[in-house]
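Me: I would like to learn how to read metal sites and salt bridges in a structure. Could we work through an example together?

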Amino acid sequence: MVTRKSPAEIEVMAAAGRVLAAVHELLAGVAQPGVTTGELDRVAEREIRRRGALPSFKGYRGYPATLNTSVNDQIVHAIPADDVILRSGDVLSVDGGVLLDGYHADSAWTSIVGGRDAAHDGVANLVEDTREAMWRGIAALLVGNRLGDVSAAIGEVGAARGYGVIAEHDGHVLGGHGIGRRLHEDPLVLNRGRRGRGMRLKPGLVFAIEPMFTLGAPGWRITQDGWTTQTLDGRIAAHWEHTVAVTEDGPLVLTARADEAERSAALLAC
Ligand code: MG
Ligand code: MG
């Protein structure tokens, strides 16, 4: 069931989003070579609780941690662990969720551990292009557009640059989603689609927009831990995500970090 949120509900979600943004800003500084993903998870949980919120992911369908920390060929949903030590040049996706006053926010970023120069240009471009696809999708979250316009805006970036666009594979689906009182609500937001198709966008709809692209083929599998999703061909993947409300005044990014304010305004203006 698709639910529309009132302005008051969106403001609560924005408060959750601000907590999550602050946690991500902290984690971006911690994610250095030599640090374990288990340590990232402890920092995140401590910070979320210190701010009076709860980690959305912990306990979700039995998920054991606060974050998803997906490295290199892991696309999403990898479980943090103390034996996963970040190395210079690793491509790290950090995904987190925050529950505050009954509402969730969900967002993710990808970076190259040790800095952009620690990886080949092709890898750095994948990370930046996946981020751009997220902003293209967000920019299409306009009243009167259809959901297919959002999916197409995301998928076209990936296709034009030759990436594998992660979507359906072998009967399973990965993509964005509605969000609110539940972490995952209808509808599913595929990362590829056709313009003019799908539900009409109305004020009060709130979506998690989350492109996943890979340097190789778009096939993926879930590993034996039941969570980790990785590329079948072992190629590197990137993943970005924001929680965004559709409003009469345009898309409102509820999880934007301080360093993104300018970027989001510029992209949304075009
Ligand atoms: Mg997420
Ligand atoms: Mg999500």
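Reply: Certainly. Please keep in mind that this is a predicted model. We may begin with the burial of two acidic residues: D95 is buried, with a relative accessible area of 4%, and D106 is likewise counted as buried, at 2% relative accessibility.

Me: Which residues coordinate the magnesium ion (ligand 1)?

Reply: One reads a metal site by listing the donor atoms within the distance cut-off, which is 2.8 Å for this metal. Here the magnesium ion (ligand 1) is coordinated by D95, which appears twice through OD atoms, by D106 (OD) and by E241 (OE), at 2.0 to 2.4 Å.

Me: What spacing do the donors of the magnesium ion (ligand 1) follow along the chain?

Reply: The pattern is D-x10-D-x134-E. D95 belongs to strand β4 (residues 91–100) and D106 to strand β5 (residues 103–112), so this pair ties together parts that are eleven residues apart in sequence.

Me: How far apart are the magnesium ion (ligand 1) and the magnesium ion (ligand 2), and which residue coordinates both?

Reply: The separation between the two ions is 3.2 Å, and D106 coordinates both.

Me: Let us turn to salt bridges. How many does the structure hold?

Reply: A salt bridge is read from the distance between a side-chain nitrogen of Lys or Arg and a carboxyl oxygen of Asp or Glu, with a cut-off of 4 Å. The structure holds 16 of them. One of them joins R50 to E47, at 2.9 Å from N to O.

Me: Where do R50 and E47 lie relative to each other?

Reply: Both are in helix α2 (residues 37–50), three residues apart, which places about one helical turn between them. Their accessibilities may be read next: R50 is exposed, with a relative accessible area of 59%, whereas E47 is buried, at 12%.

Me: Which other residue forms a salt bridge with E47?

Reply: The side chain of R51 also meets E47 in a salt bridge, at 2.9 Å from N to O. R51 counts as partly exposed, at 37% relative accessibility.

Me: Which residues are linked with R136 in a network of salt bridges?

Reply: A network is read by following bridges from one residue to the next. In this case D129, E132, R136 and R161 are linked. Within that network, R136 and E132 meet at 3.4 Å, N to O. These two residues are four apart in helix α3 (residues 121–139), about one helical turn.

Me: Are R136 and E132 buried or exposed?

Reply: R136 is partly exposed, at 32% relative accessibility, while E132 is buried, with a relative accessible area of 17%.

Conventions
Residues numbered from 1 in each chain as written. Chains lettered and ligands numbered in written order. Predicted model: local features only at pLDDT ≥ 70, side-chain atom pairs only at ≥ 80, totals over all residues. Heavy atoms only, no water. Buried < 20%, exposed > 50% of the residue type's maximum accessible area, 1.4 Å probe, protein only.
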